[in-house]
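User: I would like to learn how to read a model like this one, feature by feature, with the cut-offs stated as we go. Could you show me the structure and then begin with its secondary structure?

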Amino acid sequence: MRNVKIDPCLFSENRKRLATHMKEQSLAILHSNDEMIRSADQYFPYRQHADLFYLTGINQERTVLLLAPDHPESSMREILFIRNADSKLETWEGHKLSQDEASAISGISQVRFISDFDSALATLMQYARNVYVNGPENTKFIPEIPCRNLRFAEELKKKYPAHAYERLAPVMRELRMVKSPWEISLIECACRITRDGFFRVLKCLRPGMKEYEVEAEITHEFIRQGTWGHAFPPIIASGSGALTLHYISNDRTCNEGDLLLIDFGTEYGNYASDCSRTIPVNGRFTLRQKQVYESVLRLFQYARSLMVPGASINKVHEAVCRRMETEHIRLGLYTEEDLRKQEKESFLLQRYYMHGTSHFLGLDVHDVGLKDEEFRPGMVLTCEPGIYIREEQLGIRLENDILITEQGNRDLMED
């Protein structure tokens, strides 16, 4: 199951949808992710670029897709380029896709070796007026190292400066935000396996365990069920570790009386899940822990109820923040008078709640989408309020994955 078999109709349909967003006489060029050096001659485990996978289903490195949907020759409308798989390469690295295998996965009939790329590109550039290039456009993260798509785009513009260049990222964002039934089924599988990982933790957690032992139990369950492992570095945070939002050292002891915050998820067929739970290490909440946990649970249920068509990440977060202030006052973190007197809007709130309530989920755990984008049926997002009380060394977060439907929403972690 490591490489999940996905109906190639998904990728064919995705390419058709992309074609409807492209200008006439256009060419789109998408490259695979780089292989990233870990140390010396070792690479990190390879992960395909989400956009290229979305359009082809190919997980192999050094892959390129050329799309010219209205080219007069049908053989030039979709061309997939893959590595030349010789016997020496396969002796060292294992099996590489053949042209027939790549065609069966992607639904693309024209599959060529990467050595033919330059000549095919030159031919298509003579035809194209507009060229769609795929640069990274993440509002919260700008990589220090230019990716393969960006490097290629810069070289192409120097070689062909008279062409009109278009941004592919906004088009792909629009396409990827609403998931097809095929995609939803893959996310559902990821959520089910992630849920099984949590149940495994519930059975084994005890005082004295190391956080990395808990991580190992989750990893065991993910790999046992045929996934490649985690969709992101898991957060296994006991005690005060939960106050660090992206705590990933996972090397402390889970002590008697501690709470354990785990934020984790696997991916299935490249589609991610994302779940957070906070549980007592010894199986019993203290009175104060229970008060805060129930407060977060109320906020979670309220936030989930708001996630319906027409809402947005920003609208949900603003409403949750208003309700959050009421919960903070109930917990004695500050008073209504303190709230009225604060000099900076939401300063008191942000002391105990400093992250967002939701993000898009899909091929990336923080998937493409804008915070003011109105929710539409088929979108999948997380719902993850939390409360963090530094003076009490207490942090609690709950998170499930929510599918927006015509009727409202469906919690994929509870199905």
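Analyst: Helices (H or I, at least four residues) and strands (E, at least two) are DSSP runs, numbered from the N terminus. On that basis there are 13 helices and 18 strands in the protein. This is a predicted model, in which local features need pLDDT of at least 70 and side-chain atom pairs count only at pLDDT 80 or more, whereas totals for chains, interfaces and linings use all residues. Residues are numbered from 1 along each chain as its sequence is written, and side-chain values use heavy atoms, with hydrogens and water left out.

User: How does the radius of gyration of the protein compare with what the globule rule gives for 415 residues?

Analyst: The radius of gyration is taken over C-alpha atoms, and the globule rule is 2.2 Å times the number of residues to the power 0.38. Here the radius is 24 Å, close to the 22 Å from the rule, so the protein is as compact as a globular protein of that length. The C-alpha trace spans about 70 × 50 × 40 Å along its principal axes.

User: What share of the residues counts as buried, and what share of the contacts comes from residues 24 or more positions apart?

Analyst: Buried means under 20% relative accessible area, exposed over 50%, and partly exposed in between (1.4 Å probe, protein chains only). By that measure 51% of the 415 residues count as buried. A contact means heavy atoms within 4.5 Å, and among contacts with a separation of 6 or more, residues 24 or more positions apart account for 70%.

User: How should I read a sheet, and which strands form the open one that includes β17?

Analyst: Two strands pair if DSSP finds at least two bridges between them. The open sheet has 3 strands in the order β14-β17-β18, with antiparallel pairing. Because β14 (380-383) and β18 (408-411) stand at the edges with a single partner strand each, one side of each is left without a neighbour in the sheet. The twist averages 40° from one strand to the next, where axes are lines fitted to C-alpha atoms (for helices over the stretch in contact) and angles run from 0 to 180 degrees between N-to-C directions. Strand β17 (residues 400-405) pairs with β18 over 4 bridges, and within β18 it is Asn409 that stands opposite Ile404.

User: Which strands pair with β5, and in which sense, parallel or antiparallel?

Analyst: Strand β4 (residues 64-67) pairs with β5 in the antiparallel sense over 4 bridges, whereas strand β6 (residues 111-113) runs parallel to β5 and is joined to it by 3 bridges. Phe81 appears in both pairings, as the bridge partner of Val64 and as the residue opposite Arg112 in β6. Strand β5 (residues 78-82) is mostly covered, with 4 of its 5 residues buried.

User: How many salt bridges does a search of the whole structure find, and which residue pairs with Arg410?

Analyst: Side chains of opposite charge can pair when their charged atoms come close. The criterion used here is a side-chain nitrogen of Lys or Arg within 4 Å of a carboxyl oxygen of Asp or Glu, and the search finds 30 salt bridges. In one of them Arg410 meets Glu188, with the closest N and O atoms 2.7 Å apart; this pair links distant parts of the chain, since Arg410 is in strand β18 and Glu188 in helix α8 (residues 181-204), 222 residues apart. Arg410 is partly exposed at 29% relative accessible area, and Glu188 is partly exposed at 28%.

User: Where in the chain do Arg298 and Glu327 lie, and is each of them buried or partly exposed?

Analyst: Their side chains meet in a salt bridge of 2.9 Å, N to O. The pair links distant parts of the chain, with Arg298 in helix α10 (residues 287-306) and Glu327 in helix α11 (residues 313-330), 29 residues apart. Arg298 is partly exposed, with a relative accessible area of 31%, while Glu327 is buried at 5%. Elsewhere, salt bridges that share partners join Asp51, Arg176, Lys179, Asp364 and Asp367 into one network.

User: Which side chain does Arg397 contact?

Analyst: A polar contact is a pair of N or O atoms within 3.5 Å; within protein, one must be able to donate a hydrogen and the other to accept it, and residues adjacent in sequence count only if both atoms are side-chain atoms. Such a contact, of 2.7 Å, joins the side chains of Arg397 and Tyr388. Arg397 lies in strand β16 (residues 394-397) and is buried, with a relative accessible area of 3%.
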